[in-house]
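Visitor: Please give me a close look at one aromatic contact in this model and walk outward from there. Keep it brisk.

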Amino acid sequence: MNSYFEVAVRYDKVLADGTPHKVTEQFLLDALSFTEAEARATDSLADYIAGEFRVVAEKILNVSEVVTTADESADRYYKLKYNIITVDEKSGKDKKQPQYVIIQAKSVDDARDRFQAYIKGWMADTELEAISETKYLDYFPYNKTNNNQTTKQQ
C-alpha cells in the first residue's frame with residue numbers, strides 16, 4: 001500500500017531580475033518508502049529544475065487519498081479535514097472519526113465543491129470540519145506502468 005509523502009526540495013531559483021535565490025519548495029507524491037519517495041522526487045524534478053538541488057526533508061502525510069483533476073485552472077492543493085459520523089452502540093452518542101484528504105482545486109469554494117463530489121454516494125454521514133491551502137507546487141502520483149498509480153480524478 002502506498003503512502004503519501006511531503007518532500008521539500010532546496011535549490012537556486014532564478015528570479016525575474018536574473019539573480020539566483022535559494023528556495024525550499026514542497027511537493028506531494030505517493031510512494032512505498034522514504035527511499036522511493038526521494039528517488040522519485042529527484043527523477044521527477046530533474047527536468048524542471050536547472051542546476052543542483054537536493055531533498056532536504058520528507059514526511060509521511062496522514063491523508064487517505066489525493067483527489068486530482070484535469071482542470072488546468074485548478075493549480076492549488078487543499079487539505080480537508082472531515083469527520084465520518086457513526087453512532088456508538090453502547091452510549092447512543094455520535095462518534096466522529098477524523099479523516100484527511102488532499103484535493104486539487106482553484107479555490108477554497110472549488111475544493112469544497114470537489115469534496116462534495118468526492119463523497120457523493122457514500123452511505124456514511126460526513127461533516128466537513130476544515131479546509132486549508134497547502135504549499136505543494138505539484139503532485140507526482142504513483143503509476144504502475146512506469147513506477148508512478150493514477151489517482152481518482154473529479
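**An aromatic pair and its surroundings**

Guide: Phenylalanine 27 has a relative accessible area of 6% and is therefore buried. Keep in mind that the model is predicted. Phenylalanine 140 has a relative accessibility of 11%. That value is under the 20% cut-off, so phenylalanine 140 counts as buried too.

Now the rings. Six aromatic pairs turn up when the whole structure is searched. One of them joins phenylalanine 27 to phenylalanine 140. Their centres are 6.1 Å apart, and the planes make an angle of 35°. The pair is classed as tilted. It ties together distant parts of the chain. Phenylalanine 27 belongs to strand 2 and phenylalanine 140 to strand 8, with the two positions 113 residues apart in the numbering.

The backbone links these two strands as well. Strand 2 and strand 8 run parallel and are joined by three bridges. Take leucine 28 as an example: its bridge partner in strand 8 is tyrosine 139. One general point helps when reading the side chains here. In a regular strand, they alternate between the two faces of the sheet.

Strand 2 has another partner. It runs antiparallel to strand 1, and 12 bridges join the two. Valine 14 has proline 20 of strand 2 as its bridge partner. Further along, arginine 10 is placed opposite threonine 24 of strand 2. Strand 1 and strand 2 make a hairpin, with five residues between them. Glycine 18 sits in that turn and has a positive phi of about 90°.

Next, strand 3. Seven bridges connect it to strand 1, and the two run antiparallel. Arginine 10 comes up again here: it also stands opposite arginine 54 in strand 3.

A helix packs against these strands. Helix 1 covers residues 34–45, 12 residues in number. From its first C-alpha to its last it reaches 16 Å, close to the 16 Å expected at 1.5 Å a residue. Its buried residues are Glu36, Ala37, Arg40, Ala41, Ser44 and Leu45. Viewed down the helix axis, they fall within an arc of 145°, so they line one face of helix 1. The cover over those buried residues includes strand 1 (3–14), strand 2 (20–31), strand 3 (53–60) and strand 8 (136–140). The face turned away from the buried side of helix 1 carries Thr35 and Asp43, which are exposed.

Compare another ring pair. Phenylalanine 115 and tyrosine 118 also form a tilted pair, with 6.3 Å between centres and 40° between planes. Both residues are in helix 2 (residues 108–119), three residues apart, about one turn of the helix. Both are buried. Ring pairs join Phe115 and Tyr118 with Tyr82 and Trp122 in a cluster.

A charge contact is worth checking too. Lysine 79 lies over the face of tyrosine 100, 5.0 Å from the ring centre.

For contrast, go to the loop between helix 2 and strand 7 (125–133), where lysine 120 is found. Lysine 120 has a relative accessible area of 70%. That value is over the 50% cut-off, so lysine 120 is exposed. Its C-alpha is separated by 22 Å from that of arginine 76, which is 44 residues away along the chain.

Finally, the whole chain. It has two helices and eight strands. From the N terminus the order is β-β-α-β-β-β-β-α-β-β. The C-alpha trace spans about 60 × 30 × 30 Å along its principal axes. Of the 154 residues, 34% count as buried, and phenylalanine 27 is buried as well.

Definitions and conventions: Residues are numbered from 1 along each chain as its sequence is written. This is a predicted model: local features need pLDDT of at least 70, side-chain atom pairs count only at pLDDT 80 or more; totals for chains, interfaces and linings use all residues. Side-chain values use heavy atoms; hydrogens and water are left out. Helices (H or I, at least four residues) and strands (E, at least two) are DSSP runs, numbered from the N terminus. The expected span of a helix is 1.5 Å times one less than its number of residues. Buried means under 20% relative accessible area, exposed over 50%, partly exposed in between (1.4 Å probe, protein chains only). The arc is that of the directions from the helix axis to the C-beta atoms. Contact means heavy atoms within 4.5 Å. Two strands pair if DSSP finds at least two bridges between them. Rings of Phe, Tyr and Trp (its six-membered ring) pair if their centres lie within 6.5 Å; planes under 30 degrees apart count as stacked, over 60 as edge-to-face and the rest as tilted. A charge sits over a ring if NZ of Lys or CZ of Arg is within 6 Å of the ring centre and within 35 degrees of the ring normal.
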